[in-house]
Amino acid sequence: LTYIKYLTYKLIYIVYYQREIRENIIFGAKTRFNNQIKSFNENKGREIYRHLKKMCNKPAFETAFNDFKYSELCNYYLNEILKLCQKEKIFIRNETMPFNKVSEKKLSKTFLQNYKKYIRNLSAEYPEFEISDTIHFYPNDCFGDASHLNTKGMNRFTEYFTGSF
């Protein structure tokens with residue numbers, strides 16, 4: 001009787017998990033997973049946006065706005081972080097991540113002016129930190145999509161960032 005209960009349990013187990021078993025064995029999920037892990041290791045943990053490659057020629061999200069307006073909530077927490085770092089004597093260096101070249105002409109002048117004004121105000125409030133208002137525009141081929149750097153862009157930005165210390 002115990003054997004029959006055990007066999008019944010195992011049959012129910014197989015039926016219950018058959019989709020997962022089928023997906024992993026028949027459709028190669030394990031191979032896809034192993035390939036993804038290999039890619040992460042080769043790219044030092046970065047995700048390569050292969051499926052969004054055509055999006056690197058599209059303008060960045062920010063181009064949809066005529067003016068820069070910060071979120072009160074984000075501003076509050078950013079200031080709290082900066083105050084804490086100030087108190088604990090932790091150095092902060094802030095850089096704006098680059099935009100793709102196609103966004104350069106599409107970003108509103110008002111947006112850029114007010115963004116830089118916001119950053120300059122932060123910099124004036126926390127003079128012991130390096131808070132840069134410089135905005136870089138990289139070629140579209142440095143992006144995996146409209147706003148995320150690919151390996152080429154990451155290497156270029158890393159070289160700039162570490163070279164300026």
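These legends walk through several close-up views of a predicted model.

**View 1. The whole chain, with its helices and strands.** Welcome to the overall picture: the protein chain has 165 residues, and 28% of them count as buried. It contains 6 helices and 4 strands. Starting at the N terminus, these elements follow the order α-α-α-β-β-α-α-β-β-α. Among contacts in the chain with a separation of 6 or more, 76% join residues that are 24 or more positions apart. The accessible surface amounts to about 12,400 Å², and carbon and sulfur atoms provide 59% of that area.

**View 2. Helix α6 and the residue that caps it.** Here we look at α6, a helix of 13 residues covering positions 151-163. From its first C-alpha to its last, α6 reaches 18 Å, close to the 18 Å expected at 1.5 Å a residue. Which residue caps the N-terminal end of α6? That role goes to Asn150, with a side-chain oxygen 3.1 Å from the backbone nitrogen of Lys152.

**View 3. Met97 and its partners from further along the chain.** Met97 sits in the loop between β1 and β2, where β2 covers residues 99-100. Met97 counts as partly exposed because its relative accessible area is 44%. Setting aside neighbours within four places in sequence, Met97 is in contact with Leu149 and Phe157. Look for Met154 as well: the C-alpha atoms of Met97 and Met154 are separated by 10.0 Å, while the two residues are 57 residues apart along the chain.

**View 4. Leu82, a buried residue of helix α3.** Leu82 belongs to helix α3. Is Leu82 buried or exposed? Its relative accessibility is 5%, so Leu82 counts as buried. Around it, leaving out neighbours within four places in sequence, are the contact residues Ile92, Leu122, Tyr126 and Phe129. For one of these, Tyr126, the C-alpha atom is 7.7 Å from that of Leu82, with their positions 44 residues apart along the chain.

**View 5. A nonpolar patch on the surface.** Three residues, Leu73, Tyr76 and Tyr77, make a nonpolar surface patch of about 360 Å². Tyr77 is part of helix α3, which covers residues 72-87. With a relative accessible area of 49%, Tyr77 is partly exposed, because the exposed class begins over 50%.

**View 6. Lys89, a residue with a positive phi.** Most residues other than glycine have a negative phi. Lys89 is not a glycine, and yet its phi is positive, at about 60 degrees. To find Lys89, go to the loop between α3 and β1, the latter being residues 93-94. Lys89 has a relative accessible area of 75%, so it counts as exposed.

**View 7. Ser108, a buried residue in a loop.** Ser108 is placed in the loop between α4 (101-104) and α5 (109-125). How does a loop residue such as Ser108 come to count as buried? Its relative accessibility is 16%, and buried means under 20%, so Ser108 falls in that class. Not counting residues up to four places away in sequence, Ser108 touches Phe65 and Asn66.

**View 8. Salt bridges in the structure.** Side chains of opposite charge can pair when their charged atoms come close. How many salt bridges does the structure hold? There are 7, and a few of them are described here.

- Asp67 and Lys69 meet through their side chains, with 3.2 Å from N to O. Asp67 is partly exposed at 26% relative accessibility, whereas Lys69 is exposed at 67%.
- Glu104 and Lys101 form a salt bridge with an N to O distance of 2.9 Å. Because they are 3 residues apart in helix α4, about one helical turn separates them. Glu104 is partly exposed, with a relative accessible area of 33%, and Lys101 is also partly exposed, with 43%.

**View 9. A buried pair within a salt-bridge network.** The side chains of Arg93 and Glu95 come together in a salt bridge, 3.0 Å from N to O. Both Arg93 and Glu95 are buried. Which residue joins Arg93 and Glu95 in a network of salt bridges? It is Glu130, so look for these three residues as a linked group.

Key
Residues are numbered from 1 along each chain as its sequence is written. This is a predicted model: local features need pLDDT of at least 70, side-chain atom pairs count only at pLDDT 80 or more; totals for chains, interfaces and linings use all residues. Side-chain values use heavy atoms; hydrogens and water are left out. Helices (H or I, at least four residues) and strands (E, at least two) are DSSP runs, numbered from the N terminus. The expected span of a helix is 1.5 Å times one less than its number of residues. A polar contact is a pair of N or O atoms within 3.5 Å; within protein, one must be able to donate a hydrogen and the other to accept it, and residues adjacent in sequence count only if both atoms are side-chain atoms. Buried means under 20% relative accessible area, exposed over 50%, partly exposed in between (1.4 Å probe, protein chains only). Contact means heavy atoms within 4.5 Å. Accessible areas come from the Shrake-Rupley method with a 1.4 Å probe; for residues, only the protein chains shown count as cover. Patches are made of residues with over 30% relative accessible area and no salt bridge: like charges are joined within 9 Å, nonpolar side chains (Val, Leu, Ile, Met, Phe, Trp, Tyr) within 5 Å. A salt bridge is a side-chain nitrogen of Lys or Arg within 4 Å of a carboxyl oxygen of Asp or Glu.
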